[in-house]
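Work through the exercises below with the sequence and the coordinates at hand, and try each task before reading its solution.

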Amino acid sequence: MAKYDYDVLVIGAGPGGYVAAIRAAQLGLKTACAESRETLGGTCLNVGCIPSKAMLHASEYFDAASNGTMKEMGIEVTPKLNLDAMHAQRRDAVKGLTGGIEFLFKKNKVDWKKGHATFQDAHTVKVGDETVTAKNVIIATGSSVTPLPGVEVDNEKQVVVDSTGALELKAVPKKMVVIGGGVIGLELGSVWRRLGAEVIVVEYLDKLLPGMDDDVRKEAAKISKKQGMELRLSTKVTGCTVDGSKATLTLEPAAGGDEETLEADCVLVSIGRRPNTEGLGLDAIGLEVNKRGQIETDHDFRTKVDGVWAIGDVVPGPMLAHKAEDEGIACAENIAGQTGIVNHDIIPGVVYTWPEFAGVGLTQDEAVEKLGDKAKVKVGKFPMMANSRAKTNHEPDGFVKIIAEAESDRVLGVWAIASVAGTMIAQATQAMEFGATSEDIAYTCHAHPTHSEAIKEAAMAVQGKPIHI
């Protein structure tokens, strides 16, 4: 019988990888985790989810103080931006959380192998100068920014940046062009807009936020414009030149047409992310990637190579930290002989702008397509302006929309725009996990006054009987 150094070796210490390692160790498996960064936590904790939320939150306070919202509530202040201090609190949050994972590794006896990992064979991995063997290897290497041909990113110069560079800007740009109207583009674009930049969003599609419900996408455009963003939809970027501290973009209509130029002090490239599978030595174990560069797995996260598993951004599905975490737990449990399951039909997504956009399940169009008939779908909608808590908080924008199957009343999708939509969507996700009907939600008592009452009212609206509108 083969003798291995470890029962489980996880490659990558992002949200999927570090969670998989901790769970495997909890289950009594001797576990190591290989990570090439100087700190644990992957993109999410170091240069993604966590630092961006720190900047979003801080910029929201600045905006509330400067745009009159506080004055409406009887608080008169004249804010002064200290960008260095804002960056410092962001870095402090990252340091605390990445250090917390290092503590959890020690607590759970997970060995951190520092260095880049490369397969030698299915059970042998070279990490830096060390060679490690493991009975099971979990690939959890995450994703990186998708490059845009003709637009070269140089984060050091801070003229053309990616999401990592956009978090480190030393000064508020006068004019920022965001290439890509998806989650990252809107979030980081909104940070610098609130801090004083003129922001122009260039999106190839005719609407923002691809993948979300159409009503959310339309409302996102209205809200973004109201907040001062300029939107250039159905437009593609064909090139970029940099002269000193200025960038000049060449644009043309997505469908083709006359070319034009657009100057900016800063350009943010945010057109998506791609799986990190290069440099792993997958050819050494006979593992190929699909057309999107992803590793295909079965329901239990096994690859076609015995003993090799994969989770998170390197496998098909939405590139979301919480999806990776759930897959990490499930994968570790499957390795330990338990039954680890992730319901990929019910993965919530959130855009942390102000207000937040959130959704889970099917969009209305997807529901109609799945059931084959518009009449088989029922929709209930409730505006946040009719919600008492949103009213007292001066947060009138947004709505909750519930999509249900007409015959069974089972909830198929929930979409929300509200200041705390990211928190609200958890209730909808849990309800759908247990197969709830809109009536189940409608007859569940909700505390008053809370934003979540809008979910109850939207559920009542599915039956045509909302109370407060």
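Two exercises follow, one on a sheet with its helix and one on a pocket.

The model is predicted, so local features need pLDDT of at least 70 and side-chain atom pairs count only at pLDDT 80 or more, while totals for chains, interfaces and linings use all residues. Residues are numbered from 1 along each chain as its sequence is written, and side-chain values use heavy atoms, with hydrogens and water left out.

**Exercise 1.** Determine the strand order of the five-stranded open sheet, and state which strands stand at its edges.

*Solution.* Start from the strands, which are DSSP runs of E with at least two residues, numbered from the N terminus, and count two strands as paired if DSSP finds at least two bridges between them. The order that results is β18-β19-β22-β21-β20, with antiparallel pairing. β18 (349–351) and β20 (377–383) each have a single partner strand, so one side of each is left without a neighbour in the sheet. Next, take β18 and β19 (residues 356–361), which are antiparallel and joined by three bridges; Val351 has Phe357 of β19 as its bridge partner. Finally, add helix α12 (residues 421–433), which packs on the sheet and touches β18, β19, β21 (399–405) and β22 (411–418), contact meaning heavy atoms within 4.5 Å.

**Exercise 2.** Identify which residues lie nearest the centre of the second largest pocket, and which element gives the most to its lining.

*Solution.* Of the 23 lining residues, Ala64, Asn67, Thr69, Trp354 and His394 lie nearest the centre of this pocket. Then sort the lining by element: α3 (49–66), α4 (69–72) and α7 (183–194) each give two or more residues, and α3 gives the most, with five.

Notes: Helices (H or I, at least four residues) and strands (E, at least two) are DSSP runs, numbered from the N terminus. Axes are lines fitted to C-alpha atoms, for helices over the stretch in contact, and angles run from 0 to 180 degrees between N-to-C directions. On a 1 Å grid over the protein atoms alone, a cavity is a set of points where a 1.4 Å probe fits but cannot get out, and a pocket is an open set with protein on both sides within 12 Å along at least five of seven lines; lining residues have an atom within 4 Å of a point.
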